[in-house]
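Dear colleague,

Please find below the structure that I am handing over to you. My account of what was found in it follows directly after.

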Amino acid sequence: MITLMVNGKSHQYQDDMDMPLLWALRDVLKYTGTKYGCGKGLCGACTIHLDGQPVRACLTPVSAVEGQSITTIEGLSDDGSHPVQQAWQALNVPQCGYCQSGQIMSAVALLEHTPNPTDKQIDTAMSGNICRCGTYTRIKEAIHLASESVAKGVNVFDPKVEGADV
């Protein structure tokens with residue numbers, strides 16, 4: 001048995017230690033926001049954070065994460081109020097939406113390390129996340145909007161707030 005720390009909560013895990021973390025999160029612990037895409041770490045749909053770093057949950061065995069902090073899309077906020085989530089909603093980024101939790105997790109990791117990224121930095125950081133709908137332009141705009149809103153301390157959903165850009 002190992003302890004998994006997911007979104008700030010401790011969980012005792014005693015199933016298959018070789019199971020990919022994706023399935024432990026979704027099927028055992030019921031954090032279903034993380035999606036299965038390719039199962040080979042190529043599409044980024046299963047992106048989560050391990051100690052703040054984006055990783056592919058489909059390739060990460062449960063045994064490798066004991067003692068590390070796991071953050072899923074559910075852990076960003078209880079109500080969708082994370083600046084990246086707000087920017088995604090303000091710009092209607094999702095089309096089918098399937099890849100969006102992985103996209104958002106990669107974007108959050110980028111902004112935590114590079115608060116004001118250039119287009120090239122965004123392209124590089126997001127290159128491992130594939131969107132079959134082709135919403136890349138809106139994703140890039142949302143990352144810039146989230147970056148600006150964090151810098152200004154502005155809630156992008158509240159147009160009454162000076163500086164809100166929606």
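Strand 3 (residues 47–50) and strand 4 (residues 53–56) pair in the antiparallel sense, with four bridges between them. Please note that this is a predicted model. Within the pairing, His49 lies opposite Pro54 of strand 4. The two strands, 3 and 4, form a hairpin in which two residues separate them. Asp51, in the turn, has a positive phi of about 50°.

The hairpin strands belong to a wider arrangement, an open sheet of five strands in the order 2-1-5-3-4, with mixed pairing. Strand 2 (9–13) and strand 4 stand at the edges of the sheet, and each has a single partner strand, so one side of each is left without a neighbour there. On average, and with direction ignored, neighbouring strands of this sheet are turned by 40° against each other. As a general reminder, strands of a sheet pair through backbone hydrogen bonds, in either a parallel or an antiparallel manner.

I turn next to the helices. Two packed helices are described by the angle between their axes and the distance between the axes. For helix 2 (residues 83–90) and helix 5, the axes come within 8 Å and cross at roughly 130°. Helix 2 is therefore oblique to helix 5. The crossing of helix 2 and helix 5 is right-handed.

A second crossing involves helix 3 (residues 100–113) and helix 4, whose axes come within 10 Å and cross at roughly 130°. That angle makes helix 3 oblique to helix 4. Helix 3 passes helix 4 in a right-handed crossing.

Helices 4 and 5 also carry the partners of a salt bridge. Side chains of opposite charge can pair when their charged atoms come close. How many salt bridges does a search of the whole structure find? The search finds one. In this salt bridge the side chains of Asp123 and Lys140 meet, at 2.9 Å from N to O. The pair links distant parts of the chain: Asp123 is in helix 4 (residues 119–126) and Lys140 is in helix 5 (residues 136–152), 17 residues apart. Asp123 counts as partly exposed, at 40% relative accessibility. Lys140 is partly exposed as well, with a relative accessible area of 22%.

The cysteines may also be of interest to you. A disulfide is a covalent bond between the sulfur atoms of two cysteines. The structure holds zero disulfides. Cys58 is in no disulfide, and the nearest cysteine sulfur, that of Cys46, is 3.6 Å away. The cut-off applied here is a pair of cysteine sulfur atoms within 2.5 Å. Cys58 counts as buried, at 11% relative accessibility.

Why is the sulfur of Cys133 not bonded to the closest cysteine sulfur, in Cys96? The sulfur of Cys133 is 3.7 Å from that of Cys96, which is too far for a bond. Cys133 counts as partly exposed, at 29% relative accessibility.

Yours sincerely

How values were computed:
Residues numbered from 1 in each chain as written. Predicted model: local features only at pLDDT ≥ 70, side-chain atom pairs only at ≥ 80, totals over all residues. Heavy atoms only, no water. Salt bridge = Lys/Arg side-chain N within 4 Å of Asp/Glu carboxyl O. Buried < 20%, exposed > 50% of the residue type's maximum accessible area, 1.4 Å probe, protein only. Pairing = 2+ DSSP bridges. Axes fitted to C-alpha atoms, helices over the stretch in contact; angles between N-to-C directions. Parallel < 35°, antiparallel > 145°, perpendicular 65-115°, else oblique. Left-handed = near helix turned anticlockwise from the far one by under 90°.
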